[in-house]
Amino acid sequence: MTRCVCPGSFDPLTIGHLDVVERSARLFDEVVVAVLYNPDKQGTFTADERVGLIEKSVAHLVNVRAEAFADELLVEVCARLEAPIVVKGLRGETDFSYELPMATMNRSLSGLETLFLPGNPGMDHLSSSLIKQVATLGGDISGMVPEAVHGPLLERLGVAG
């Protein structure tokens with residue numbers, strides 16, 4: 001069985017994240033969506049809430065599960081999960097410039113390989129922080145986050161849906 005890890009903070013999960021997870025699910029026997037978080041930092045959602053929202057959003061994918069990991073190196077998470085591959089979505093050159101050094105460090109530390117999937121061009125403007133900002137200011141984020149995330153995000157931000 002080939003298992004991969006799709007890591008991130010997912011605060012919240014966007015349709016861009018979901019696209020990468022769905023595509024990974026077609027390539028690997030099992031996909032673990034790893035919610036990486038620092039318990040000392042305040043997020044919009046708790047790690048457990050993020051896992052729950054992800055699980056609802058990927059319920060149609062039988063080979064995908066979500067799990068939270070606090071204050072651990074990604075290489076340690078992948079070793080424990082027996083996942084030799086990390087899958088990261090890239091929206092463009094800025095993401096590549098940010099992700100490549102981390103991928104190289106992970107390979108240097110443990111041999112962990114990183115597979116970069118180009119993001120869907122129609123989703124390259126999406127980021128969790130930008131979506132939260134737009135929603136907070138009253139913008140319509142329909143179609144930017146999975147349906148399972150939309151209502152809880154608006155509620156958490158105190159915005160009428």
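Which residues does S57 touch, not counting residues up to four places away in sequence? In this predicted model, S57 touches L13, L18, P146, A148 and V149 once residues up to four places away in sequence are left aside. The place of S57 is in helix α2, which spans residues 47-57, and its side chain reaches the backbone oxygen of L53 at 2.8 Å. With a relative accessibility of 7%, S57 counts as buried, because buried means under 20% relative accessible area.

**The sheet**

Helix α2 belongs to a wider arrangement, which is best described from the sheet outwards. Five strands form an open sheet in the order β3-β2-β1-β4-β5, and the pairing is parallel. The edge strands are β3 and β5 (113-118), each of which pairs on one side only. Averaged over the sheet and with direction ignored, neighbouring strands are turned by 30 degrees against each other. Helix α2 packs on this sheet, where it touches β2 and β3, and its direction makes about 155 degrees with that of β2. Helix α4 (residues 93-110) also packs on the sheet, touching β4 and β5, and its direction makes about 160 degrees with that of β5.

The strand pairs for which bridges are described here are set out below.

| Strand pair | Bridges | Sense | Residues opposite each other |
|---|---|---|---|
| β1 (residues 3-8) and β2 (residues 30-37) | six bridges | parallel | C4 and V31 |
| β1 and β4 (residues 85-90) | two bridges | parallel | V5 and V86 |
| β2 and β3 (residues 64-70) | seven bridges | parallel | V35 and A68 |

**Strand β1 and its surroundings**

Strand β1 pairs with β2 over six bridges and is joined to β4 by two. Six of the six residues of β1 are buried, so this strand is largely enclosed by the rest of the structure. In a regular strand the side chains alternate between the two faces of the sheet. For β1 both faces are covered, since R3, V5 and P7 on one side and C4, C6 and G8 on the other are all buried. From β1 the chain crosses through helix α1 (residues 15-27) to β2, and this β-α-β crossover is right-handed.

**Strand β2 and the second crossover**

In strand β2, six of the eight residues are buried, so β2 too is largely enclosed by the rest of the structure. Within this strand, V31 is the bridge partner of C4 from β1, while V35 stands opposite A68 in β3. Strand β2, helix α2 and strand β3 make a right-handed β-α-β unit, and this brings the description back to the helix in which S57 has its place.

Methods. Residues numbered from 1 in each chain as written. Predicted model: local features only at pLDDT ≥ 70, side-chain atom pairs only at ≥ 80, totals over all residues. Heavy atoms only, no water. Buried < 20%, exposed > 50% of the residue type's maximum accessible area, 1.4 Å probe, protein only. Helix = DSSP H or I, 4+ residues; strand = E, 2+ residues; numbered from the N terminus. Pairing = 2+ DSSP bridges. Right-handed = clockwise from strand over helix to strand, strands pointing away. Polar contact = N/O pair within 3.5 Å; in protein donor to acceptor, adjacent residues only side chain to side chain. Contact = heavy atoms within 4.5 Å. Axes fitted to C-alpha atoms, helices over the stretch in contact; angles between N-to-C directions.
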